[in-house]
Amino acid sequence: TINKKYISNIKIISKVVDINDKDKLVELLKPVDVMLSSVPYQFNLMLTEIAVKSETSMVDLGGHTHNVISQLKYHDEAVKKNITIVPDCGMGPGMNISMALLSMEQLDKPEDVYIWDGGLPQNPKPPWNYSLFFNIKGLTNEYDGSAYFLKNGKVEEVLCFEGFEIIEFDGIGKLEAVVTSGGLSTMPWTYEGKLRTLENKTLRYNGHWELMKAYRQLGLFNEEEILFKDTKFSP
């Protein structure tokens with residue numbers, strides 16, 4: 001049942017704005033207390049600048065660790081404007097890290113932390129056995145590049161699609177896990193020297209990773225334009 005007193009005064013206002021029009025974004029956000037950015041990750045650094053100018057607190061879905069490190073440079077300005085900016089508040093990075101920390105708090109001295117997460121369709125369909133739950137650029141970002149883990153207490157760069165393993169879950173069955181980028185945000189640096197091991201892997205149904213490896217080997221995750229039969233396009 002829904003308690004009607006919580007929904008009786010809801011007012012929804014929608015506006016379409018060009019995200020590249022910074023002046024318009026600042027004016028739009030000045031009367032707003034908190035902004036949630038769910039646009040492709042590459043805009044979040046610019047929107048952090050907008051949040052500071054409009055004095056609007058901000059959370060975003062993130063997903064790109066080097067982007068977040070750049071966002072953290074706005075800390076002093078955000079404090080001066082009395083606003084809060086929290087990057088990487090998606091499922092992973094985001095909820096996966098929160099759940100890991102909750103688990104760590106149950107132990108006297110956690111040493112090795114292993115995280116597995118993944119957005120999976122209830123009814124997978126071949127050939128990929130996957131449904132895209134967010135912007136495609138976020139997915140190709142996850143599948144290309146490197147992740148950052150802790151090994152023997154030190155931050156270490158690990159290539160995507162490494163560390164393949166099969167994990168069995170009650171009620172779900174066997175899933176495939178590999179390394180993908182961005183899932184731990186800045187947690188490796190926060191816990192460097194405090195944890196011995198910190199890893200995060202992404203779960204998919206059987207056969208997904210084999211196909212995605214082939215796509216990457218063919219260069220189909222590359223966003224830079226190539227010339228093919230006198231035509232330029234991004235793979």
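The legends below go with close-up views of a predicted model.

**View 1. Arg196 and Glu111 form a salt bridge.** Let's start with a pair of loops. The closest N and O atoms of Arg196 and Glu111 are 3.3 Å apart. Arg196 sits in the loop between α7 (187-190) and β9 (197-204), while Glu111 belongs to the loop between α5 (95-104) and β4 (112-117), so this contact ties together parts that are 85 residues apart in sequence. Arg196 is partly exposed, at 42% relative accessibility. Glu111 is partly exposed too, with a value of 35%.

**View 2. Arg196 also meets Asp112 in a salt bridge.** Here the N to O distance is 2.4 Å. Asp112 is part of strand β4 and Arg196 is in the loop between α7 and β9, so the two side chains tie together parts that are 84 residues apart in sequence. With a relative accessible area of 32%, Asp112 is partly exposed.

**View 3. Glu111, Asp112 and Arg196 make up a network of salt bridges.** This view brings the residues of the two previous legends into one frame. Arg196 is bridged to Glu111, and Arg196 is likewise bridged to Asp112. For the wider context, the structure holds six salt bridges. As a friendly reminder of the principle, side chains of opposite charge can pair when their charged atoms come close.

**View 4. Glu165 and Lys201 join two strands through a salt bridge.** The N to O distance for this pair is 3.1 Å. Glu165 lies in strand β7 (residues 165-169) and Lys201 in strand β9, so the salt bridge ties together parts that are 36 residues apart in sequence. Is Lys201 buried or exposed? Lys201 counts as buried, because its relative accessibility is 9% and the cut-off for buried is under 20%. Its partner Glu165, by contrast, is partly exposed at 25%.

**View 5. Strands β5 and β6 form a hairpin.** Now for a change of scene, from side-chain pairs to strand pairing. Strand β5 covers residues 146-151 and strand β6 covers residues 154-159, and they pair in the antiparallel sense over six bridges. One of the residues to look for is Ser146, whose bridge partner in β6 is Leu159. How many residues lie between β5 and β6? There are two residues between the strands, and Asn152 in the turn has a positive phi of about 55°. When following the side chains along a strand, keep in mind that in a regular strand they alternate between the two faces of the sheet.

Definitions and conventions:
Residues numbered from 1 in each chain as written. Predicted model: local features only at pLDDT ≥ 70, side-chain atom pairs only at ≥ 80, totals over all residues. Heavy atoms only, no water. Salt bridge = Lys/Arg side-chain N within 4 Å of Asp/Glu carboxyl O. Helix = DSSP H or I, 4+ residues; strand = E, 2+ residues; numbered from the N terminus. Buried < 20%, exposed > 50% of the residue type's maximum accessible area, 1.4 Å probe, protein only. Pairing = 2+ DSSP bridges.
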